[in-house]
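Visitor: Could we go through this one together before I head back to the bench?
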Amino acid sequence: MASQSPPPDTSAPEQKHWLVRPSTIRLLWIGGIALLVGVTGAELTLDDPHTYFGADGLFGFNAWYGFLTCAAMVVGAKLLGYAIKRPDDYYGPDGEETR
Amino acid sequence: MLGLLPPGLILIAAAALLPFTSGRLRDTVLLAAPLLAIAQVMALPAGASLTLDWLGEELVPLRVDAISRLFGLIFSIMGFLGALFALRQQRLAELVAAFLYAGSAIGVAFAGDLLTVFVYWELMAVASALIVWSGGMAGSFGAAMRYIFVHFLGGVLLMAGIIWHIVEGGGTGFGLIGLAHPSGWLILAGFLINAGAWPLSSWVGDAYPEASYSGTVFLSAFTTKTAVYVLWRAFPGTELLIVVGLIMVFYGIIYALLENDMRRILAYSIVNQVGFMVTGIGIGTEMALNGAASHAFAHIIYKALLLMAAGSVLLQTGRRRCSELGGLFQSMPVTTLCAIVGALAISAFPLTSGFVSKSMISDAAAHEHLGLAWFLLTAASAGVFLHAGIKFPWFVFFQKDSGLRPPDPPWHMKAAMILAAILCVGIGVYPAPLYALLPFEVEFAPYTAEHVIEMLELLLFAGLAFFVLLPLMKRTRTISLDTDFLWRRVGPALWRLGLALLTAAGALGGRLLTSAGRLGSSVSGRVVGPQGLFALTLETGLTILVLTIALAAALWFTLGPDLMAAMGGG
C-alpha cells in the first residue's frame with residue numbers, strides 16, 4: 001500500500017479544496033439547474049419531434065420520466081433494503097463462510 | 001504471417017510460457033502476446049475456416065466472420081489493457097489464469113462447432129475461478145468455490161444440451177439453435193448462467209469483488225460477454241430473452257443502489273449492462289443485434305476502465321467500502337478523471353462510446369413498437385447514470401472527505417486507464433470504425449439534435465434525482481441478500497437438520513436394539529446384550545470401511561459376471 005500523508009485539517013472552509021467549498025457547491029447547484037432548464041428548453045427548437053408511443057412526444061418527457069423513474073428506483077431499492085439488507089459480516093468476517 | 005492460427009492460442013501459449021519468465025522478459029510476453037493476437041484477429045480473412053476430424057465428428061476451431069472478428073478483437077484488446085494494468089502483479093497464478101481465460105474467450109469467439117465452444121467454455125470457468133481464488137482476500141477462496149460450482153452447473157446443462165442436440169441430428173455446427181427442441185432450452189440455460197441472468201446472477205456480485213485489484217478487470221470482460229456472443233449466434237430473436245434481459249437490467253440497478261462495496265457496485269452494474277445486450281438479442285432485428293454487439297464492445301472497455309479505477313483505489317488505500325472512502329479526487333486526479341470518463345460512457349452520455357451503442361438497442365425496441373420494453377429500457381438508461389454513472393465516482397472520489405490522500409497508481413496502471421478512456425471517447429466521437437465492424441449495415445445516426453437533447457434530458461434529470469434523494473442513499477456497512485442465500489444458508493441448514501434427524505434416528509434405533517437385547521439376553525446375551533456384538537460402538541472410519549466392503553461385494557455379485565463377460569474373461 002502506498003504511503004499516505006496525514007489528513008490535512010479540513011475544518012476551516014477556506015482550507016478546503018476549492019471544489020468542495022460551500023460557495024463552489026452553491027455555484028454548482030445554480031449552474032446545474034440552469035443546465036437542466038437549458039436542455040429542456042432546447043426541446044422547443046426541434047421541429048416535429050418523433051414520437052412512437054404518444055407519451056414520449058409530450059413536452060419534457062425524458063426530463064420528468066427520467067426524474068420520476070429514478071426516484072421510484074431509489075425509493076424501491078430503499079424499501080427492498082429493509083427486507084434484504086444484512087450487516088456485511090452476515091456470512092462471516094470478510095464475507096467468508098464460518099464453519 | 002501466422003496463417004490460419006486461431007488467435008486465442010497465442011494467449012494460451014503465452015500463459016504456458018509465463019511461469020518460465022521474469023523481469024523484462026515477462027513484461028514483454030505480457031504485452032506482446034495480446035498485441036500479436038490483435039494483429040492475427042485483423043489479419044484473418046473473412047470467411048476463412050479450419051476443420052479437423054475428431055472421432056468421426058467435424059471440429060471447426062476457426063471460423064471467421066464479422067461477429068466472431070468483433071468479439072475476438074475486443075477480447076484481444078482487453079487482454080492487452082488488462083495485461084498493461086496488471087504488469088506489476090506479483091501473483092503469477094493470476095497472470096497465467098488471466099491469459100488462459102482471455103485466450104479461451106477468443107477461442108469461443110472463433111469456434112465454429114459446439115464441442116470446441118464447450119471445451120473453451122470450461123477452460124474459461126476453471127481459469128476465471130483461479131483468478132478469483134488467487135485474489136488474496138479473506139473471502140477469495142469461498143467465493144471461488146461458489147463461483148466454480150455455479151459454472152460447473154452451467155457446464156453440465158450445456159454439455160447435456162449439446163449432446164442431445166447432436167444425437168437428435170442437429171449436427172455439431174455452432175449456429176442458430178432456437179427453442180424448438182428441449183435440447184435448445186438446456187443450451188440456453190447453460191449460456192444464461194454465464195451471462196449472469198437472474199435467478200443465478202448472484203455469482204457476479206459474489207465473486208468479482210473478491211479477486212485482486214487487477215483480477216477483477218479481467219473477470220469483468222470475458223465470461224458474461226462470451227455468453228452474449230453465444231446467445232447472439234444461437235438465440236437471436238428469442239422473445240424470452242427480452243424478459244430475461246429486462247429483469248437483469250433492473251436487478252443490476254437495484255442491487256447496485258443498495259451496495260456499499262465499490263467493486264460490487266460495478267459487478268452488479270455488469271449484470272445491468274449485459275441485460276441491455278440480452279434484451280437486444282431478444283428483439284432480434286438487425287438494428288437490435290448490431291446494438292447488442294456494439295454495446296458489448298463498448299461495454300468491455302468502459303467497464304474495464306471503471307474497474308481499473310476501483311482497483312487503483314483498492315491498491316492505493318487498501319479499502320473497498322464506499323462508507324470508508326471519499327475525497328480521493330484531491331490526490332488521485334488521473335484516476336478520478338478516468339473514472340468519470342468511464343462513468344459517462346456507461347451512462348451513454350453523448351460523445352462517449354455508450355451513447356453510440358446503447359441507443360441502438362432502445363431505438364430498435366421503438367422501431368418494433370415494443371412499448372413496455374422501450375419505456376423500461378428508457379427508465380433503465382436513467383437508472384444506469386444513477387447507480388454507476390454518479391454513485392460510483394461520487395462516493396469513492398467525492399462525497400465526505402475520508403482524509404485519505406493516496407497518490408495515483410504506478411505509471412502502467414495510469415497508462416491502461418488513459419488508453420481505455422481515450423477509446424471510450426474516441427468511439428463516441430467517431431463511431432464509424434466500430435460501425436464498420438458490425439455484422440449488419442448500420443442505418444443509425446446517433447448524433448441528431450433530437451437524440452442528443454433527449455439523452456441529455458434523461459441523464460441530467462436522473463442526476464438531479466440522485467442529489468435530491470441523496471439522504472436516502474446513505475452508505476451503510478451492509479450486504480444485500482440474494483438467491484445465493486439458498487446455498488449459503490438454507491442448504492447448509494437443511495443438511496445439518498438432516499444429519500441431526502439421522503443421528504436421532506440412529507440413537508433411537510440403538511435404544512430399541514438395547515431393549516431387545518435385554519429381552520433376549522437370557523438366550524443370546526453375548527450377541528445383543530449391552531456388551532454384545534450388536535452394541536459395539538465402531539469408529540466412523542471403521543464403519544465406512546465395513547460399508548465400503550459390503551457395497552463392493554454387492555456390486556461384484558450383481559455386476560461382476562457381466563463385467564467379466566464384457567472383458568472376455570467369461
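What follows is a chat about pockets, surface and salt bridges in this structure.

Guide: Before anything else, please keep in mind that this is a predicted model.

Visitor: Sure. What's the secondary structure of chain B?
Guide: Chain B comes to 21 helices and 3 strands, and its C-alpha trace spans about 100 × 60 × 55 Å along the principal axes. Of the 570 residues in chain B, 59% are buried.

Visitor: How much space lies in the largest pocket?
Guide: The largest pocket holds about 1,400 Å³ of space. It is lined by 38 residues, and those closest to its centre are A:Leu28, B:Ile390, B:Trp394, B:Phe398 and B:Phe467.

Visitor: Which elements give two or more residues to that lining?
Guide: Chain A contributes helix H1 (22-42), while chain B contributes helix H13 (333-346), helix H15 (371-397) and helix H18 (449-468). The most comes from H1(A), with 9 residues.

Visitor: And how do the lining residues of the largest pocket divide, nonpolar, polar or charged?
Guide: The lining of the largest pocket has 29 nonpolar residues, 6 polar ones and 3 charged ones.

Visitor: Switching to the surface, which residues make the nonpolar patch?
Guide: A:Ile25, A:Leu28, A:Trp29, A:Ile33, A:Val37 and B:Val468 make a nonpolar surface patch of about 550 Å², to which H1(A) gives the most, with 5 residues. A:Leu28 therefore turns up twice in our talk, in this patch and among the residues closest to the centre of the largest pocket.

Visitor: Why can A:Ile25 be part of a surface patch?
Guide: A:Ile25, which is found in helix H1 of chain A, has a relative accessible area of 37% and is partly exposed; patch residues need over 30%, so A:Ile25 passes that cut-off.

Visitor: What about enclosed space, how many cavities of 30 Å³ or more are there?
Guide: A search of the whole structure finds 1 cavity of that size or more, and the volume of the largest cavity is about 40 Å³. Its lining includes B:Arg146, B:Tyr147, B:Trp203, B:Asp206 and B:Trp487, with helix H6 (140-170) and helix H8 (202-207) of chain B each supplying at least two residues. By class, that lining has 6 nonpolar, 1 polar and 3 charged residues.

Visitor: Does B:Asp206 pair with something? I mean, which residue forms a salt bridge with it?
Guide: B:Asp206 forms a salt bridge with B:Arg488, and the closest N and O atoms are 3.6 Å apart. The pair links distant parts of the chain, since B:Arg488 lies in helix H19 (residues 485-519) and B:Asp206 in helix H8, 282 residues apart. B:Arg488 is buried, with a relative accessible area of 7%, and B:Asp206 also counts as buried, at 8%.

Visitor: How many salt bridges are there over all chains?
Guide: The count comes to 14 over all chains. In one of them the side chains of A:Asp88 and B:Arg477 meet at 3.6 Å, N to O; A:Asp88 lies after strand S1 (85-87) of chain A and B:Arg477 in the loop between H18 and strand S3 (478-480) of chain B, so this pair joins two chains.

Visitor: Are those two buried or exposed, or in between?
Guide: A:Asp88 is buried, with a relative accessible area of 16%, whereas B:Arg477 is partly exposed, at 45%.

Visitor: Last one: which residues are linked in a network of salt bridges?
Guide: B:Glu210, B:Glu259, B:Asp261, B:Arg264 and B:Arg320 are linked in a network. Within it, B:Glu259 and B:Arg264 form a salt bridge with their closest N and O atoms 3.8 Å apart, and both residues are buried.

How values were computed: Residues numbered from 1 in each chain as written. Chains lettered and ligands numbered in written order. Predicted model: local features only at pLDDT ≥ 70, side-chain atom pairs only at ≥ 80, totals over all residues. Heavy atoms only, no water. 1 Å grid on protein atoms, 1.4 Å probe; cavity = no way out; pocket = protein on both sides within 12 Å on 5 of 7 lines; lining within 4 Å. Points joined across faces, edges and corners; volume = space filled by probe spheres on them. Helix = DSSP H or I, 4+ residues; strand = E, 2+ residues; numbered from the N terminus. Nonpolar A, V, L, I, M, F, W, Y, C, P; charged D, E, K, R; others polar. Patch = residues over 30% accessible without salt bridge, like charges linked within 9 Å, V, L, I, M, F, W, Y side chains within 5 Å. Areas by Shrake-Rupley, 256 points an atom, 1.4 Å probe, with all protein chains shown as cover. Salt bridge = Lys/Arg side-chain N within 4 Å of Asp/Glu carboxyl O. Buried < 20%, exposed > 50% of the residue type's maximum accessible area, 1.4 Å probe, protein only.
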